[in-house]
Amino acid sequence: MMRFVRFTVNGREAEVGVDEREMLLDTLRDRLGLTSVKRGCEVGECGACTVLLNGIAIDSCLYLTIWAEGAAIVTCEGLQSSSGALTSVQQAFVDEAAIQCGFCTPGIIMSATEIVDSGKRYTREEIRKLISGHLCRCTGYQKIVDAVERAVDEHAALAEQALAQKAPAER
């Protein structure tokens with residue numbers, strides 16, 4: 001049975017007619033052309049299809065499109081600014097050489113974005129656990145963990161700097 005679903009993708013309103021059994025992965029990739037959302041294992045094991053749904057990283061291969069009614073979805077295409085500037089997470093992946101074939105990269109970047117946006121500091125071991133739902137066949141995980149750690153540290157440093165610049169009465 002077909003249903004129309006409305007949601008926001010990368011800041012734009014979308015309304016799509018879908019079969020009630022259609023996965024969000026298929027809607028984003030095949031209907032909306034968002035190719036950063038990769039089809040990997042299709043059982044929630046590899047993380048290649050990870051997107052942010054209302055700020056939370058999910059495996060879109062396990063999430064029915066009809067469940068996304070009214071949601072705000074962000075894919076890797078939605079992270080880049082209108083000027084083309086990379087986010088701190090994307091830049092950290094470049095700087096740390098955490099990319100090889102790139103198949104897993106968009107999904108890991110989406111999870112890393114959720115991690116950074118939490119505003120918390122994490123140890124390397126905690127970062128390893130937080131990205132454990134992602135499989136990478138090329139780089140090994142050292143450089144990926146380095147990139148996520150760098151982005152977390154840079155975000156925390158900027159937040160601390162902004163707090164320090166506020167007048168004592170504003171704190």
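Select glycine 11 first. Glycine 11 is exposed, with a relative accessible area of 67%. Its place is the loop between β1 and β2. This is a predicted model, so keep that in mind at every stop. Now add alanine 72 to the selection. Glycine 11 and alanine 72 are 61 residues apart in sequence, yet their C-alpha atoms are 7.6 Å apart in space.

**Two asparagines in loops**

Stay in the loop between β1 and β2 and pick asparagine 10. Asparagine 10 has a phi near 55°, a positive value in a residue other than glycine. Most residues other than glycine have a negative phi. Is asparagine 10 buried, partly exposed or exposed? At 23% relative accessibility, asparagine 10 is partly exposed.

Go next to asparagine 54, in the loop between β3 and β4. Here too phi is positive, about 50°, although asparagine 54 is not a glycine. Its relative accessibility is 51%, and asparagine 54 counts as exposed because the cut-off for that word is over 50%.

**Helix α1 and its cover**

Select residues 24-31, which form helix α1. Which residues of α1 are buried? They are Leu24, Leu25, Thr27 and Leu28. Now show what lies over them. The cover includes the strands β1 (2-9), β2 (12-19), β3 (50-53), β4 (56-59) and β5 (72-74). Then step just past the end of α1 to glycine 33. Glycine 33 takes a positive phi of about 70°.

**Salt bridges around α1**

Switch on side chains. How many salt bridges does the structure hold? It holds 15. Side chains of opposite charge can pair when their charged atoms come close.

Pick arginine 31 and glutamate 22. Their side chains meet in a salt bridge, 2.8 Å from N to O. What is the exposure of each partner? Arginine 31 is partly exposed, at 42% relative accessibility. Glutamate 22 is buried, with a relative accessible area of 12%.

Move to aspartate 30 and arginine 39. These two side chains also form a salt bridge, at 3.3 Å from N to O. Aspartate 30 counts as exposed, at 53% relative accessibility. Arginine 39 is partly exposed, with a relative accessible area of 28%. Keep both selected and add Asp26 and Glu42. Asp26, Asp30, Arg39 and Glu42 are linked in a network of salt bridges.

**A pair within helix α5**

Jump to residues 142-165, helix α5. Select glutamate 154 and arginine 150. They form a salt bridge, and their closest N and O atoms are 3.0 Å apart. Where do the two residues sit along α5? They are four residues apart, about one turn of the helix. An α-helix has 3.6 residues a turn, so residues three or four places apart point the same way. Glutamate 154 is partly exposed, with a relative accessible area of 34%. Arginine 150 is partly exposed as well, at 29% relative accessibility.

**Where α3 meets α5**

Keep α5 in view and add helix α3, residues 105-117. The axes of α3 and α5 come within 10 Å and cross at roughly 30°. The two helices are therefore roughly parallel to each other. Their crossing is right-handed. Which residues meet here? From α3, show Ile108, Ala112, Ile115 and Val116; from α5, show Ile144, Val148, Ala151, Val152 and His155. Of the residues in this contact, eight are nonpolar, one is polar and none is charged.

**Where α2 meets α3**

Hide α5, keep α3 and bring in helix α2, residues 88-95. The axes of α2 and α3 come within 9 Å and cross at roughly 125°. That makes α2 oblique to α3. This crossing is right-handed. On the α2 side, Val89, Gln90 and Phe93 make the contact. On the α3 side, select Thr105, Ile108, Ile109, Ala112, Thr113 and Val116. The residues of this contact divide into six nonpolar, three polar and no charged.

Finish by colouring the residues of α3 that you have already visited. Ile108, Ala112 and Val116 belong to the contact with α5. Ile108, Ala112 and Val116 also take part in the contact with α2.

Conventions:
Residues are numbered from 1 along each chain as its sequence is written. This is a predicted model: local features need pLDDT of at least 70, side-chain atom pairs count only at pLDDT 80 or more; totals for chains, interfaces and linings use all residues. Side-chain values use heavy atoms; hydrogens and water are left out. A salt bridge is a side-chain nitrogen of Lys or Arg within 4 Å of a carboxyl oxygen of Asp or Glu. Buried means under 20% relative accessible area, exposed over 50%, partly exposed in between (1.4 Å probe, protein chains only). Contact means heavy atoms within 4.5 Å. Axes are lines fitted to C-alpha atoms, for helices over the stretch in contact, and angles run from 0 to 180 degrees between N-to-C directions. Angles under 35 degrees count as roughly parallel, over 145 as roughly antiparallel, 65 to 115 as roughly perpendicular and the rest as oblique. A crossing is left-handed if the near helix is turned anticlockwise from the far one by less than a right angle, and right-handed if clockwise. Ala, Val, Leu, Ile, Met, Phe, Trp, Tyr, Cys and Pro count as nonpolar, Asp, Glu, Lys and Arg as charged, and the others, Gly among them, as polar.
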